[in-house]
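Hi everyone, thanks for coming. Today I'd like to walk you through a structure that is new to most of you, so settle in and have a look at the screen.

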Amino acid sequence: MDFRYLPMTEQDKQEMLDTIGVNSTDELFSDIPEKVRLKQPLSLKQPKSEHDLKKELVQMANKNYNVKEYTSFLGAGVYDHFIPSVVDHVISRSEFYTAYTPYQPEISQGELQAIFEFQTMISELTGMPVANSSMYDGGTSLAEAVNLSAGHTRKKKVLVSKAIHPESQAVIETYGRGPNLEIIYIDHVNGRTDLEQLASELDEDTASVVIQYPNFFGQIEPLAEIREILDQQAKTMFIVSSNPLSLGYLTPPGKFGADIVVGDTQVFGIPAQFGGPHCGYFATTEKLMRKIPGRLVGQTTDENGIRGFVLTLQAREQHIRRDKATSNICSNQALNALASSVAMSSIGKHGLKKMAELNMQKARYAKQKFVEAGFEVISNSSFFNEFVVKLPVPVKAANDKLLEKGFIGGYDLATYYPELEGHMLVAVTEIRTKEEIDAFVKELGDIHE
Amino acid sequence: MSNQDFPLIFERSKEGRVSFNLPEIDVPEIDLEAELTETYVRQEAPELPEVSELDIIRHYTGLSNRNYGVDSGFYPLGSCTMKYNPKINEDVARLDGFSHIHPYQDPKTVQGALEMMFDLQEALKEITGMAGVSLQSAAGAHGEWTGLMMIRAFHEANGDFHRTKVIVPDSAHGTNPASATVAGFEAVTVKSNENGLVDLEDLRRVVGEDTAALMLTNPNTLGLFETEILEMAEIVHNAGGKLYYDGANLNAIMGYARPGDMGFDVVHLNLHKTFTGPHGGGGPGSGPVGVSAELEPYLPKPVIVKENDFYNFEYDRPQSIGRVKPYYGNFGINLRAYTYIRTMGGEGLKKVSEYAVLNANYMMRKLEKAYDLPYTQHCKHEFVLSGRRQKKLGVRTLDIAKRLLDFDYHPPTIYFPLNVEEALMIEPTETESKETLDGFIDTMLQIAEEAENNPEIVQEAPHHTIVKRMDETTAARKPILRYYKS
């Protein structure tokens, strides 16, 4: 069979073998010991033509219920927001997507500048002076922040709110096993971090406190009060994970003296795509600039004084520092950071506030509808675009019924919080309409009755 | 900003411009400020750009024109496997049924996605010869750390808490020792011998009761196959350690040999290298991890299973190291790799390695006349030249790299691996034609000649790029990491 990605002809092959001075390509593999040589062909599915394969994969895709055909109220860390058409047009430019990490600045100014702009936008949103070029995702970015805090303070104890994303909790645990961290969970009370427990657990051995804002239940954690508690331990670091869209409306964590702010920019121009790739961000103080994980782009000039950009402060990184590096991370999520930059540019300074407000307005309307329909809603007024509804039936049963009506229902909180059996986390973004919200509440109400 | 500078998106901004029409509000509006304490209502808007849609398109099109990808030209960046990124992959990844599905949907609503993941796990098991695969790791370095955490869990489950050291060859990628540290180990170096291979005597010396693992890529970063791999496996296994395979260089051996058959216990793969997920300017990538049967219980959870033709997540894995990432890995990249594997099949993948190795050997033999070749045996998918001959003429490897820019080539990897002076690490990949290779070879020979007869032209390169060499020292000494409105 011919393969369209392989340009080698028989004539090329012969000429090249002659140049090398061997009779066959097999001779080039003669250094592989006989014992480990694969004797049989790889047993994989037969190659397919472009047309046939595309047909098969379209059929495979069609087996999935997607959130463009179904009306989704599912969030819990991954959201269905409007993506402007410009985003995909920009990231489809192959000078971006087929490039490597910009090691050669003379021919990589496009990528480098795009990252510099991304760093600026993240810095603006979070209220932190320094942001890196991106991380794998919000969860791993948070885990890196926790490990950085332990390394920086030389302390092992970390206080983690139970109201942060449960899968981020799990990732923090795995990452924390490397440096042997002691992770202590702070419970949630009515959907928010228990500040009394936080105050009582905080001591001089505490490396950092980890809070999500808005938290996993959608609630806006009182960062000002948490800051006051933290002030009793000057060395303990304040790590905040934050949905960057919410920061269009909410006071940024930087204003509350956060040491590290992380999160995921999936909300800006990145489709859910079954959980990845998304795009983590990592922002911090100037004091920690030389300890930050991942790539950083800095502004400089060339020999002629023309402004340009380069990867900088690389002495932190694995390819220079090897086992003494601040992190092992080598890649970033450049293409997704680009998508988010384009989306943020498109939404713009004033659009961002409006978009955040639309999420809040629609979520409040939905909450009101649930209250009117007789549901218990566990959420005070201080929330962003998610809230918790108590159902009389298990969430899975409700979601099965909703699916028949064309809805992808909310998140089943019992998955990670056994005490929240029958509690659904409902997300309402700017693209949900009044009609959709009304119909969703009505369908759930019918199950209620 | 001087008039020669390319403007930042912020410098194109003008108050009042928009490029995004939000949906109109269709619910009764309430006073949001009354809902929140004032402390939490943002007072100053973040300085995002205010631009029109055309401004955005012109800006980013301009930036793309100031960037260089595989689609722009030859990119022989050693160790990075910059092969062609097929277009069907991009189309498939954008299908609504793949791109607009939520990770928390009921498995019965995402059977197509789970089927793809299961099939990909199976394919990667076959290609690597491993018993189990997890798709959760987001990139190569992430996969390394995941693998080491599994090795650590394995040792600890055996009550073996004193295996604190991970052995890494002096030619290894920087991520190897860095991952070892992040996983809580101490990295120990094993030397290479005069043939560029791991020195078995030195390996015997450093291996011991405290050895957790040896990390190795085979072929190694010099592009050479570690011929004594079975002896190495025996040395490490006899000491109770595990063997870790860095899959960065898998493009050399598909269909010819498998890490599992060489005695490796853990393998990670860079799907963005060998399996054509695009590099994206630095990511996203994907770094699945394969393990032997012995280590399978420690895989990150969930793994994808198939029971009675139903695909599902398996969470009940008590010995699992847990999660290394939220959700299930970089699905979009895994899907591209899957599309590629299905395009090529076993037969095609073997040809990939055959031609990747043929291309590399051809270039090596053509270039060894003008550049020093420290290790002369057949190479695999890449080879490493030394610019020490040119250095004596005052032309450094960095200069050679910069001179290549004048001819519209992306330069090879330079100054790596560390055990070769003035290294130039060249990986052509199998998707490049003989004409392309010949063009690059001619240019390299011309530069070698320039180094002898006209060194200034190389030392002062590049001459034709939009910017010249950058002041990296000032960038690091006085970091400017963001834009401020003046």
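Let me begin with one term: two residues are in contact when they have heavy atoms within 4.5 Å. Please also keep in mind that what you see is a predicted model.

With that term in hand, take chain A as a whole. Of its contacts with a separation of 6 or more, 70% are between residues 24 or more positions apart. The chain has 449 residues, and 67% of them are buried. Its C-alpha trace spans about 80 × 55 × 50 Å along the principal axes. As for secondary structure, you can find 14 helices and 17 strands in chain A.

Now to the sheets. Here is one to trace with your finger: an open sheet of seven strands in chain A, in the order β2-β10-β9-β8-β7-β3-β4, with mixed pairing. Which strands stand at the edges? In chain A they are β2, residues 130–131, and β4, residues 182–186; each has a single partner strand, so one side of each is left without a neighbour in the sheet.

Further in, strand β3 of chain A, residues 157–161, pairs in the parallel sense with strand β7 of chain A, residues 206–212, over four bridges. If you want a pair of residues to look for, Val160(A) has Val210(A) in β7(A) as its bridge partner.

Two helices that pack on this sheet deserve a mention. Helix α6 of chain A, residues 109–126, touches β2, β9 (260–264) and β10 (280–284) of chain A, and its direction makes about 65° with that of β10(A). Helix α7 of chain A, residues 138–153, touches β3, β7, β8 (237–241), β9 and β10 of chain A. The direction of α7(A) makes about 175° with that of β8(A).

Let's move along chain A to another sheet. This one is open too, with four strands in the order β13-β14-β17-β16 of chain A and antiparallel pairing. Its edge strands are β13 (376–378) and β16 (411–412) of chain A, each pairing on one side only. Strand β14 (386–390) and strand β17 (423–427) of chain A pair in the antiparallel sense over five bridges. Within that pair, the bridge partner of Glu386(A) is Ala427(A) in β17(A).

What packs here? Helix α12(A) does, touching β13, β14 and β17 of chain A, and its direction makes about 10° with that of β14(A). Helix α13 of chain A, residues 395–404, packs on the sheet as well, touching β16 and β17 of chain A at about 45° to the direction of β17(A).

Let me stay with α12 of chain A for a moment. It runs over residues 334–372, which is 39 residues, yet its end C-alpha atoms are only 45 Å apart. A straight helix would reach 57 Å at 1.5 Å a residue. Where is α12(A) kinked? The kink is centred on Gly348(A) and comes to about 90°. Helix α12(A) is also mostly covered, with 31 of its 39 residues buried. Just after this helix, Gly374(A) takes a positive phi of about 95°.

Now please turn to chain B. Strand β2 of chain B, residues 165–169, has four of its five residues buried. It runs parallel to strand β3 of chain B, residues 186–190, and five bridges join the two. Along that pairing, Lys165(B) has Glu186(B) as its bridge partner, and Ile167(B) stands opposite Val188(B). Between these strands you can follow helix α7 of chain B, residues 175–182: β2(B), α7(B) and β3(B) make a right-handed β-α-β unit.

Strand β2(B) also pairs in the parallel sense with strand β4 of chain B, residues 211–216, over three bridges. There, Val166(B) has Ala213(B) as its bridge partner.

My last stop is Ser171(B), in the loop between β2 and α7 of chain B. Is this residue buried or exposed? Its relative accessible area is 4%, and buried means under 20%, so Ser171(B) is buried. Leaving out residues up to four places away in sequence, Ser171(B) touches Ser192(B), Thr221(B), Phe416(B), Pro417(B) and Asn419(B). Gly255(B), by comparison, is 84 residues from Ser171(B) in sequence and 25 Å from it in space, C-alpha to C-alpha.

That's my tour; thanks for listening!

Definitions and conventions
Residues numbered from 1 in each chain as written. Chains lettered and ligands numbered in written order. Predicted model: local features only at pLDDT ≥ 70, side-chain atom pairs only at ≥ 80, totals over all residues. Heavy atoms only, no water. Buried < 20%, exposed > 50% of the residue type's maximum accessible area, 1.4 Å probe, protein only. Pairing = 2+ DSSP bridges. Right-handed = clockwise from strand over helix to strand, strands pointing away. Axes fitted to C-alpha atoms, helices over the stretch in contact; angles between N-to-C directions. Expected span 1.5 Å × (residues − 1). Bend = angle between axes of the 7 residues up to and from the residue.
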